[in-house]
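Colleague: I should like to go through the interior of this model and hear the grounds for each term. May we begin with a single side chain?

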Amino acid sequence: MPIINYRAREINCKIVYCGPSLGGKTTNIKAIHAALPAQHRSDLQIIDTADERTLFFDYFSLNVAQIRGMRARFLVYGVPGQDYYRATRKMVLQGVDGIVFVADSDATRLQDNIASLADMKALLVEHGYDYATIPLVFQFNKRDLPNILSVDELNRALNDRGVPSFEAIAIQSVGVVETFKAICAAVVTKLNEDLHAKT
C-alpha cells in the first residue's frame with residue numbers, strides 16, 4: 001500500500017523492476033531517468049559491479065501530478081537478479097505497489113525467466129502480498145536479438161494473469177517509457193480504488 005502523509009499531502013508509491021540477471025532492468029531505469037524532466041526526478045543511484053551487474057539496487061524518485069489533491073511521488077527500484085541476492089530482492093520488494101517484470105526474449109533464457117518469476121512470486125507470498133492483485137506489467141526486452149521467442153510464447157510461459165505486456169529494446173530506449181507509463185497508471189488506478197473503498 002502506498003505511504004500516505006496526510007500532513008504533507010504526499011503519496012509515495014513504490015515501483016520495482018524485477019527479472020533475471022542481465023535482462024535489462026538497469027538499462028530500463030537509466031533510460032526512464034534520462035527521459036524525464038530534470039526538475040521532476042531525483043538523481044539516479046546505481047551501484048554496479050565490474051561486469052555491470054546490479055550489486056545492490058538501482059533507485060530514483062519521480063514527482064508527478066496530484067492524486068486526490070495530494071502530490072504523488074513514484075519511488076523506482078531495480079533489483080539484482082542473481083540467486084545470491086535474494087535477500088536484497090526481498091528487502092526491496094517490501095512495501096511494493098507495482099512491479100515491472102523484465103523478461104529476456106532470448107530463447108536460451110526462458111528457464112531463467114521462469115525461475116526469476118517463481119522467485120518473485122515466492123517473495124511476495126513471504127511479505128503477505130497477493131500476486132493476483134498487485135499492479136503488474138511485463139516487458140519482453142531484447143527484441144533485437146536474433147534468436148528470440150515470440151510475444152505469444154513469452155506470454156504463455158510467463159503472463160499467467162494476462163496483464164499488459166510490452167516489447168522493448170531497452171538499450172535503444174524502445175518500449176521503455178510505454179512500459180513505465182503502464183505500471184504508473186496501474187498503480188494509480190489501484191490506489192484510487194483503495195482510497196475510494198475507504199471513503
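Colleague: Which residues does Met120 touch, not counting those up to four places away in sequence?

Modeller: This is a predicted model, where local features need pLDDT of at least 70, side-chain atom pairs count only at pLDDT 80 or more, and totals for chains, interfaces and linings use all residues. Residues are numbered from 1 along each chain as its sequence is written, and side-chain values use heavy atoms, without hydrogens and water. With that exclusion, Met120 touches Cys18, Leu93, Ile99, Phe101 and Tyr131; contact means heavy atoms within 4.5 Å.

Colleague: What makes the group with Leu93, Ile99, Met120 and Phe138 a nonpolar core?

Modeller: The term denotes buried Ala, Val, Leu, Ile, Met, Phe, Trp, Tyr and Cys residues joined through side-chain atoms within 4.5 Å, buried being under 20% relative accessible area with a 1.4 Å probe, protein chains only. The largest such core has 24 residues, and those four have the most contacts inside it. Its largest share, four residues, comes from helix H3, a DSSP run (H or I, at least four residues) numbered from the N terminus. Another core, of 23 residues, lies apart and includes Val137, Cys184, Leu191 and Leu195.

Colleague: Why is the void lined by Cys18, Arg89, Asp119 and others called a cavity?

Modeller: It is so called because, on a 1 Å grid over the protein atoms alone, a 1.4 Å probe fits there but cannot get out. The structure holds one cavity of 30 Å³ or more, and the largest has a volume of about 40 Å³, the space filled by probe spheres set on the grid points. Its lining residues (an atom within 4 Å of a point) also include Leu93 and Met120, and H3 gives the most, four.

How values were computed:
Buried means under 20% relative accessible area, exposed over 50%, partly exposed in between (1.4 Å probe, protein chains only). Helices (H or I, at least four residues) and strands (E, at least two) are DSSP runs, numbered from the N terminus. On a 1 Å grid over the protein atoms alone, a cavity is a set of points where a 1.4 Å probe fits but cannot get out, and a pocket is an open set with protein on both sides within 12 Å along at least five of seven lines; lining residues have an atom within 4 Å of a point.
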